[in-house]
Protein chains: 2
Amino acid sequence: MDAPTARKPPRERRRKRPEDLNPSPPRSERYRHLVNPFEPARALSEDHLEAIHGAAIKLLADIGMRVLLPEARTLLAEAGARVDESEQHVFFDPDLVAASVAAAPARFDIRSRTGERDVAMGGRSVAFFPVAGPPHSIDLDRSRRAGNLSEFEDFIKLTQAYDVLHGLTPAVEPQDVPLEVRHLHMTLSQLLLSDKVPFIYSRGRAQVADCLEMIRIASGLDHDRFVQEPWCWTVINTNSPRQLDLPMCEGIIDFARNGQALVITPFTLAGAMAPVSMAGALTLQHAEALAGITLAQVAKPGTPVVYGAFTSNVDMRSGAPAFGTPEAFKAAIASGQLARHLGLPWRSSGVNTSNAPDAQGAYETMINMFGALQGGANMIIHAAGWLESGLSASYEKFVLDVEMLQIVAEAFQPIEVSETEIALDAIAGVAPGGHFFGAPHTLERFRSAFYEPFLFERSNFEQWVESGELTATDRANRVWKEVLAGFEPPPIDSEVRSALTDYLERRRDEGGALPRT
Amino acid sequence: MDAPTARKPPRERRRKRPEDLNPSPPRSERYRHLVNPFEPARALSEDHLEAIHGAAIKLLADIGMRVLLPEARTLLAEAGARVDESEQHVFFDPDLVAASVAAAPARFDIRSRTGERDVAMGGRSVAFFPVAGPPHSIDLDRSRRAGNLSEFEDFIKLTQAYDVLHGLTPAVEPQDVPLEVRHLHMTLSQLLLSDKVPFIYSRGRAQVADCLEMIRIASGLDHDRFVQEPWCWTVINTNSPRQLDLPMCEGIIDFARNGQALVITPFTLAGAMAPVSMAGALTLQHAEALAGITLAQVAKPGTPVVYGAFTSNVDMRSGAPAFGTPEAFKAAIASGQLARHLGLPWRSSGVNTSNAPDAQGAYETMINMFGALQGGANMIIHAAGWLESGLSASYEKFVLDVEMLQIVAEAFQPIEVSETEIALDAIAGVAPGGHFFGAPHTLERFRSAFYEPFLFERSNFEQWVESGELTATDRANRVWKEVLAGFEPPPIDSEVRSALTDYLERRRDEGGALPRT
């Protein structure tokens, strides 16, 4: 059934189209600014949405959060929150929370140093960011090992190479670089190897100040102009449940005062750091995100913030985190509703639990990704290369995921409907039971009509066996090597380059800055 | 970032929950009747939807279809169509088409012989059917080979074993059974090994009559009662472009007159059997589906029909069919709109081009599957086990896909929202920065809170390496063997069983029936 015998075009027709064998013009530029064309899905009724939002507001007011940084507590107290200094505890007044949410922009752009790779946040925009945070790297040739700077730079190059990835991340931790200068090297590598928006860790005031200064230098702007728009981003993970620690508080305040973008993401794993019930985990996520958003707006009204949602669940048997679960799918869609309820851009993920870049990894990533996409996420992090619950950055998974992201980006392009596209004349011109291979309507459009994968194979089984029965993961191993071998960094002004390396060297000689603990 | 260090529960807590290590009660019964909770997505504006529908109506009226069966042309002519007998060509009057669509039911059930596995078609119902039609089987142990009856039965057993699969298919062609009795064996195997709704090929009147009689025997009903409801289903593939061949015409008429379910699916591959433009391919799909639906309703008003959508595209370079493409994703969503425009149940697919049950296979299936799911498909065929553009049925892919379908089925269950699920008391009971592992709220719900995968692993990397670094595909190889080894067929009345085998033997001795060519 479904006509498996009718699969091949007549041989003579295939021979007649040599001009169509030329590669199509690159489509990848259309991936630079993606808009999700589909109405966001809803997993919660309006009543249930209100119930969770209301419970989070009540939680913040009555149960509160521990906020470890005295400066943060002082700022919040001055803004009207009730603070118990002996317990380092803050109770958030509902009006303060509402006013803070109202102060945050519904949309903003993260600016890129060349202006070519600005990232829109909010509305129907979608931006993909690769894996962020793993301590390890892995690929098919070399087993899992501690990440190093060279591999961190590999992932920057891979990110730069694909237009469907919209910004940079700390794809793997460069553990070979001493802690006090690691932030300097991570920032320099991002700025020299890519023109996409860089990421800074919030690991303490001195480090953040260094990184912001380097990004300011790369932007070519003075300080006053620089802080008027975001040029980089960070993630603030609350210490779920109900705690904001010192570096996170400092990061919120420093990013806010410098006008940079905060992605505030509670780490609410249902059954571990959050209630086992999804409604409970979502309530805690919502409350903690609101607490971070409130602190940011108190520090500086109008700070660009993204509502981060990372709610997944633990494995029932081991208590270990699980990603790509059906519970996380639903939580993602509900999180989109909660973010839109606040009128803020929202961030989701494409993550998995798999230990290998195999079919499990693909399916789990895709389930998570479709929760994000169907829910209308604006920013999807870990969208390429995440493996093993985030403990490894995988070279092969990265390339596999990029192919999938490009397919998604193509799927988001509209179907053109017009008289010539409907093509009744072309249909009338082909006899019943015939084919359209040689029709003028086909020949005019054939070269650019369809997306052409770079990794997914369409050879027939016999050809595939002859060429070695390589899986997609095997082929991905070849692709990332080719991309890295052919990589050329985007241009950067030589004076800017010198200023950046000078800055790094000076700060290194001064002893750098250790992370805040 | 995203707190990779906060991933493990405290060791003492993990030791305290031995009772939670018991497997959860089976959840699979909730998969038997699935409802898609999400509003269907839209890829076409209302104007564009009307434009494509209108163009299809015009195509049927002005350009028409070749209909090879004289009886079908006579039926259509009597109903008001204009027929050119010399060209075997039918021009469908728009009013006839509209009246036919109006006569078809918006919803119906395909009944199962035990009543336990009825399948709802229409509304928000979703039913998954495994791979259908490949000539070959493949698994990790044995290379690709011609399908045989034993393997056809393997796939029936695998289908029967998982509640998330709702009906049977011709999962692989049993090429070792002579053509004139193959239909008898395929039907007997389905009825003896499963209580799910069987599939019959429309390969000629005598074969269809045999199969229907066997299914009637299994249903325990007399002929008059049997034909009042559908007890089995078939797929009608038009010979795109614009042709209905002899066995397809006969199948439509015979299924209609016997009240059985027709899934009318044009085989519109853009660039080959359909225009290269998606709007053109959708227009042709819509017209051909309407032609089949019209013939069915003319043969017997009220015949249960499903609007089948299979529009994908060919590969630009080779002209070979490609599945799991972004174009097919959009076409699926648009097809859902076209089906709802007619008020009919609609069928989509979960297909791929991959030669291996690897990450490509998973990603392509999932892209196709999410086009179907996001578009609100009622019936998704090829949802498990399809490989290699439908040329092979894969044992490992089958099991991998079932895991994914179960995750989808779980994702379709509602988020419970209530005071106890929001759990503010439980949240207040855990100190900031603490955890919920030992909380009473957790312990009460932990055992059944989350879906537990049977194939996707959540062991850590070190455990995974120790246990042999098996990919999900490797593990799937173990799972299908275990399922087949432990398979027990559902009960069947011994008299019914005898009647069925007697029928097969009698018809075999009479010479069976060759397929219509």
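Which side chains meet A:R124 or A:E39 in a salt bridge? Let us start there, and then tour the rest of this predicted model.

**View 1. A salt bridge joins A:R124 and A:E39.** The two side chains meet with 3.2 Å from N to O. These residues come from distant parts of the chain, 85 residues apart. A:R124 sits in the loop between strand 6 (119–121) and strand 7 (125–128) of chain A, while A:E39 belongs to the loop between strand 1 (34–35) and helix 2 (46–63) of chain A. For a wider setting, the count over all chains comes to 72 salt bridges.

**View 2. An aromatic pair brings A:Y395 and A:W480 together.** Over all chains, the structure holds 37 aromatic pairs. In the pair shown here, the ring centres are 4.4 Å apart and the planes stand at 45°, so the pair is tilted. A:Y395 lies in helix 13 (residues 395–411) of chain A and A:W480 in helix 18 (residues 472–485) of chain A, so the two rings tie together parts that are 85 residues apart in sequence.

**View 3. Chain A meets chain B.** Here 153 residues of chain A are in contact with 154 residues of chain B. Between them the two chains bury about 12,300 Å², and 66% of that area is on carbon and sulfur atoms. Polar links are found here too: 36 residue pairs are in polar contact between chain A and chain B, both partners being at pLDDT 80 or more. On the chain A side, helix 12 (residues 359–374) gives the most to the surface that touches chain B, with 10 residues. Sorted by class, this side of chain A has 85 nonpolar, 37 polar and 31 charged residues.

**View 4. A salt bridge crosses from B:D315 to A:R458.** How many salt bridges are counted between chain A and chain B? The count is six. One of the salt bridges in this model joins the side chains of B:D315 and A:R458, at 2.9 Å from N to O.

**View 5. A two-fold axis relates the chains.** A rotation of 180° with 0.0 Å of shift along its axis superposes chain A on chain B, with an RMSD of 0.0 Å. This is the relation of a two-fold axis. If you look for the C-alpha of chain A nearest the axis, you will find that of A:A359, 2.2 Å away from it. Both copies use the same surface, and 100% of the contact residues of chain A recur in chain B.

**View 6. The side chain of B:D222 reaches backbone nitrogens.** B:D222 is placed in the loop between helix 7 (205–219) and helix 8 (223–226) of chain B. From there, its side chain reaches the backbone nitrogen of B:R225 at 2.8 Å. A polar atom of the B:D222 side chain also lies 3.3 Å from the backbone nitrogen of B:D224.

**View 7. A cis peptide bond appears in each chain.** In chain A, a cis peptide bond joins A:S240 and A:P241, with omega of about 0°. A:P241 belongs to the loop between strand 10 (233–238) and strand 11 (243–244) of chain A. In chain B, the peptide bond from B:S240 to B:P241 is cis, with omega near 0°. B:P241 is found in the loop between strand 10 (233–236) and strand 11 (243–244) of chain B.

**View 8. A:S389 has a positive phi.** What is the value of phi at A:S389? It is about 55°, although A:S389 is not a glycine. To find this residue, go to the loop between strand 19 (386–387) and strand 20 (392–394) of chain A.

Note on methods. Residues are numbered from 1 along each chain as its sequence is written. Chains are lettered from A and ligands numbered from 1 in the order in which they are written. This is a predicted model: local features need pLDDT of at least 70, side-chain atom pairs count only at pLDDT 80 or more; totals for chains, interfaces and linings use all residues. Side-chain values use heavy atoms; hydrogens and water are left out. Contact means heavy atoms within 4.5 Å. Buried area is the accessible area (1.4 Å probe) that two parts lose on being put together, summed over both. A salt bridge is a side-chain nitrogen of Lys or Arg within 4 Å of a carboxyl oxygen of Asp or Glu. A polar contact is a pair of N or O atoms within 3.5 Å; within protein, one must be able to donate a hydrogen and the other to accept it, and residues adjacent in sequence count only if both atoms are side-chain atoms. Helices (H or I, at least four residues) and strands (E, at least two) are DSSP runs, numbered from the N terminus. Ala, Val, Leu, Ile, Met, Phe, Trp, Tyr, Cys and Pro count as nonpolar, Asp, Glu, Lys and Arg as charged, and the others, Gly among them, as polar. Copies are superposed by least squares on the C-alpha atoms of residues with pLDDT of at least 70 in both. Rings of Phe, Tyr and Trp (its six-membered ring) pair if their centres lie within 6.5 Å; planes under 30 degrees apart count as stacked, over 60 as edge-to-face and the rest as tilted.
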